[in-house]
There are 2 protein chains.
Amino acid sequence: MVRTIERLPKRQRHQLLTGLIEDNPFITDQELTRQLKVSIQTVRLDRLELGIPELRERMKLMAERSYDAVRSLPLHEVIGDIVDLQLDHSGISIFEIKEEHVFSRTGIARGHHVFAQANSLAVAVINDEIALTATADIRFVRSVKLGEKCIAKAYVRSGGRSKAKVEVCSYVGDELVFQGHFVIYRSAGESGIEGGMDGADRN
Amino acid sequence: MVRTIERLPKRQRHQLLTGLIEDNPFITDQELTRQLKVSIQTVRLDRLELGIPELRERMKLMAERSYDAVRSLPLHEVIGDIVDLQLDHSGISIFEIKEEHVFSRTGIARGHHVFAQANSLAVAVINDEIALTATADIRFVRSVKLGEKCIAKAYVRSGGRSKAKVEVCSYVGDELVFQGHFVIYRSAGESGIEGGMDGADRN
DNA sequence: CAGCTATTATAACCAGGTACTAATAGTATA
DNA sequence: TATACTATTAGTACCTGGTTATAATAGCTG
């Protein structure tokens, strides 16, 4: 072709296209045509090759994802993935420290994420419609860093009718990184509760 | 009409239609036609009257909303606006409880946000390159709800060379909602520190 | 009966595609 | 050099899920 040099080779165009769609999923093929300087057919063949669905499909997926996220908020309300749960007894959750959880400067996890995991678990382990954290006594034993997997283990230490004491220990590997004693109010005694914090939903 | 009695009056149909779309935004007019037992034109006139956009528009709106939510996450990293700061002495921050901070079911703020505001402030008030939370003793006095503005006040109670004790009280109006005693390590004594939590970034 | 609302029908048009067929340019290979 | 193959472009028919406009019909009301 005459203008071959002016345009990108296929590989690079594919990369560019992927990038363009990634940082603006609302872009049409028409727009891509303009930005990539190729025909709309080429854009479509490229999407086909790359397995990138059409605009409407992309929007639908995003919409469904957010809709599901909203619908499954109860699950979402727990920070970390619960891998074991014995109501009123114990529970385990895993939480991976990603980019968005750390201070970029130090790579150290922001404390509230570590705290949130432990707190969520403490609340989840209580077998009640609504559970609210009343007090927490916590200790950050060592800092948790980017990429580390934080495993929180919760044990219910005493379960009164309106209060429960839950102990949570979080580990990275064998190392203890966080320890907390939570007092959780349960909905059974709700009339007397003024303080409170999280609601725990179970589906 | 012959079958007037079989069908709903307009008002009720509008209510039903609104409800149907609300709990399944992905429904097409075709589907609505079947469920409402009226023609597709009627469905469309109804949507027009009610100001309900077409399926694709609804999906687009949902997709955009979720996309914006993701994009604004980085901003999220600053928990509360610091409005006053006297290093090694005291500080005040304000944090407004928005949709994304509460449990949708109850409208009660997730505890880790309230905690995060207090913790951020406790860390910020310490005049050091790196400050790390070692322990925290916290109490959620009453739940904070959607729309409320949480004002956190921090006071440095004792400041050793390597440790500082910071007390944080959070209020909504005059009401105390949260109280916490934080022990913060400062970088001056970093060699001896194993525990820790947050780095304090000051912009 | 006229005038009105509610409903339905019909047709043209639109965006943003898919699916398919075909033509062309350039490159590699036997 | 002829042939095969890839990459690109073009064009058409068709699809979904609508909008917009125009008209016809049913049923009620004063």
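User: Which residue of β6(B) is the bridge partner of B:T133?

Analyst: The general idea comes before the case. Strands of a sheet pair through backbone hydrogen bonds, and the pairing is either parallel or antiparallel. In this structure, which is a predicted model, B:T133 has B:I184 of β6(B) as its bridge partner.

User: How many bridges join strand β3 of chain B to β6(B), and in which sense do the two strands run?

Analyst: Nine bridges join them, and the strands run antiparallel. Strand β3 of chain B covers residues 131-140, while β6(B) covers residues 175-186.

User: Which residue stands opposite B:I184 on the side of strand β5 of chain B?

Analyst: That residue is B:A164. Strand β5 of chain B, residues 163-172, pairs with β6(B) over ten bridges, again in the antiparallel sense. These two strands form a hairpin with two residues between them, and B:G173 takes a positive phi near 65° there.

User: Is strand β6 of chain B mostly covered or mostly open?

Analyst: A residue is called buried when its relative accessible area is under 20%. By that criterion, nine of the twelve residues of β6(B) are buried, and the strand is mostly covered. The criterion also applies to residues in loops: B:R110 lies in the loop between β2 and α5 of chain B. Its relative accessibility is 9%, so B:R110 counts as buried. In chain A, 49% of the 203 residues are buried.

User: How should one read the order of strands in the sheet, and which strands stand at the edges?

Analyst: One reads the order from one edge to the other. The open sheet has twelve strands with antiparallel pairing, in the order β1(A)-β2(A)-β4(A)-β5(A)-β6(A)-β3(A)-β3(B)-β6(B)-β5(B)-β4(B)-β2(B)-β1(B). The edges are β1 of chain A and β1 of chain B; each has a single partner strand, so one side of each lacks a neighbour in the sheet. On average, neighbouring strands of this sheet are turned by 20° against each other, direction ignored.

User: How many bridges pair strands β3 and β6 of chain A?

Analyst: Nine bridges pair them, in the antiparallel sense. Within β6(A), A:Q179 is the residue opposite A:R139.

User: Which strands does helix α6 of chain A lie across?

Analyst: To describe a helix on a sheet, one names the strands beneath it and the angle to one of them. Helix α6(A) lies across β1, β2, β3, β4, β5 and β6 of chain A together with β3 of chain B, and runs at about 45° to β6(A). Helix α5(B) packs on the sheet as well: α5(B) touches β3 of chain A together with β1, β2, β3, β4, β5 and β6 of chain B, and its direction makes about 45° with that of β6(B).

User: Why are α6(A) and α5(B) described as roughly antiparallel?

Analyst: Angles over 145 degrees count as roughly antiparallel. The two helices pack at an angle of about 150°, with their axes 9 Å apart. They are therefore roughly antiparallel to each other, and the crossing is right-handed. A:H112, A:F115 and A:A116 of α6(A) make the contact with B:H112, B:F115 and B:A116 of α5(B).

User: How many helices and strands does chain A have, and how far apart in sequence are its contacts?

Analyst: Chain A has six helices and six strands. From the N terminus, they follow the order α-α-α-α-α-β-β-α-β-β-β-β. Among contacts in chain A with a separation of 6 or more, 63% join residues 24 or more positions apart.

Key
Residues numbered from 1 in each chain as written. Chains lettered and ligands numbered in written order. Predicted model: local features only at pLDDT ≥ 70, side-chain atom pairs only at ≥ 80, totals over all residues. Heavy atoms only, no water. Helix = DSSP H or I, 4+ residues; strand = E, 2+ residues; numbered from the N terminus. Buried < 20%, exposed > 50% of the residue type's maximum accessible area, 1.4 Å probe, protein only. Contact = heavy atoms within 4.5 Å. Pairing = 2+ DSSP bridges. Axes fitted to C-alpha atoms, helices over the stretch in contact; angles between N-to-C directions. Parallel < 35°, antiparallel > 145°, perpendicular 65-115°, else oblique. Left-handed = near helix turned anticlockwise from the far one by under 90°.
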